[in-house]
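Let's take a walk through this model together, one region at a time. Have the sequence and the 3D view open side by side as you read.

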Amino acid sequence: MRTTDASPASGPAQPLAAEARPIQQQQRRNPPIAGELNAIALAQAGDGASFEILYNMHKRRVYSLCLRMLGNVAEAEDLTQEAFLQLHRKIGTFRGDSAFSTWLHRMAVNVVLMHLRKKGLPLVSLEETLEPTQEDGPRKDFGTRDLTLSGSIDRVTLERAVQELPPGYRMVFVLHDVEGYEHNEIAGMLGCSIGNSKSQLHKARMRLRSLLRESADGRADA
Amino acid sequence: MTMTTNTPQECSEFQQQLPDFFDSGGDRIEHPHLNTCANCSALVRDLNYIATQAKLLMPIHDPSPAVWENISHALGKEPTARRASEDDGAP
């Protein structure tokens with residue numbers, strides 16, 4: 001069994017505590033679940049059935065997070081498994097200072113980031129950071145048939161476009177826009193500057209805009 | 001008010017600052033350039049729209065049953081949560 005230590009309190013790059021995030025934001029992203037507190041208490045006491053209840057409450061969110069960050073089903077399942085094994089080892093240290101789901105999801109993010117570091121993949125691509133790209137220049141949308149995307153994106157199209165992003169862009173986009181982390185938290189997790197996180201997010205959104213416009217144009221031509 | 005297309009340099013200067021504008025202004029960016037540039041206005045609307053839609057993405061995928069089977073199998077070999085937290089020095 002792997003021994004990745006990716007708990008919120010002991011990751012390699014110390015992120016800001018989840019508690020630093022506004023409570024309302026945490027509640028919006030991670031609303032309380034009925035029966036969760038009881039299951040946590042029993043699981044902390046070593047009750048396996050209660051741990052399974054917690055798994056069933058959170059498996060979809062943790063797996064979806066891993067899948068969006070990695071874009072690979074097998075890796076996402078492997079790291080979902082690792083995240084819950086981490087949870088089992090660390091659940092006794094959960095004090096309830098933040099929402100349980102916030103704590104667990106931070107653990108899952110750290111498991112994914114640790115996995116990518118072990119694979120030797122840069123979490124923020126040097127190429128994406130330094131080389132001027134299409135996203136860097138001013139946009140000239142002269143002559144396009146429909147000036148804005150508003151109302152034209154469905155969930156499946158957006159999910160597909162997110163998976164087409166380069167890994168560095170996708171990482172920051174998922175953490176910020178989907179999971180709701182702040183730039184200072186992302187910078188801490190990825191080991192980059194806050195400005196770099198903002199820049200990567202902006203480029204990710206710009207790339208998504210291009211992808212989504214191509215998709216919308218394709219549908220209009222069909 | 002007439003929306004025109006500004007010079008590429010004006011657009012470039014505005015767009016270089018966009019990451020900071022989004023970070024400080026959220027979804028309500030107010031800048032004089034947006035009053036006169038249709039393209040940059042459309043760009044800001046699109047980027048806001050993408051960010052808004054991303055927040056609505058829900059977790060929709062479930063892991064296969066094999067994931068829990070593997071976890072359950074592994075937990076059979078692990079110490080209990082209570083013992084693990086005692087090992088970590090937690091009260």
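A good place to begin is the domain layout of chain A, keeping in mind that this is a predicted model. The domain assignment splits chain A into domain 1, covering 18-118, and domain 2, made of 126-136 + 145-221. Where these domains meet, domain 1 of chain A contributes ten residues and domain 2 of chain A also contributes ten residues. On the domain 1 side of that contact, at least two residues each come from α1 (23-29), α3 and α5 (100-118) of chain A. By class, this side of domain 1 of chain A has four nonpolar, three polar and three charged residues.

Now turn to the partner chain. Here 44 residues of chain A are in contact with 43 residues of chain B. On chain A, the elements that give two or more residues to this side are α2 (36-44), α3 (48-70), α4 (73-90), α7 (155-164), α8 (167-178) and α10 (194-221). The biggest giver is α3(A), with eight residues. Sorted by class, the side of chain A that touches chain B holds 16 nonpolar, 14 polar and 14 charged residues.

One helix pair between the chains is worth a closer look. The axes of α4(A) and helix α5 (residues 65-75) of chain B come within 9 Å, crossing at roughly 35 degrees, and the crossing of α4(A) and α5(B) is right-handed. From α4(A), the residues taking part are Glu77(A), Thr80(A), Gln81(A), Phe84(A), Leu85(A) and His88(A), and they meet Val67(B), Asn70(B), Ile71(B), Ala74(B) and Leu75(B) of α5(B). The residues of this contact between α4(A) and α5(B) comprise six nonpolar, four polar and one charged.

Next, follow chain A into the loop between α4 and α5, where you will find Thr93(A). Is Thr93(A) buried or exposed? Thr93(A) is partly exposed, because 19 other C-beta atoms lie within 10 Å, while a residue needs 20 or more to be called buried. Looking back along the chain, Thr93(A) and Phe51(A) are 42 residues apart, and their C-alpha atoms are separated by 15 Å.

Our last stop is helix α9 (residues 183-190) of chain A. Six of its eight residues are buried, so α9(A) is largely enclosed by the rest of the structure. The buried residues in α9(A) are His183(A), Glu185(A), Ile186(A), Ala187(A), Met189(A) and Leu190(A). After α9(A) comes Gly191(A), which has a positive phi, near 70 degrees.

Definitions and conventions
Residues numbered from 1 in each chain as written. Chains lettered and ligands numbered in written order. Predicted model: local features only at pLDDT ≥ 70, side-chain atom pairs only at ≥ 80, totals over all residues. Contact = placed C-beta atoms within 7 Å. Helix = DSSP H or I, 4+ residues; strand = E, 2+ residues; numbered from the N terminus. Nonpolar A, V, L, I, M, F, W, Y, C, P; charged D, E, K, R; others polar. Axes fitted to C-alpha atoms, helices over the stretch in contact; angles between N-to-C directions. Left-handed = near helix turned anticlockwise from the far one by under 90°. Domains from an automatic or database assignment. Buried ≥ 20, exposed ≤ 12 C-beta atoms within 10 Å, placed from the backbone.
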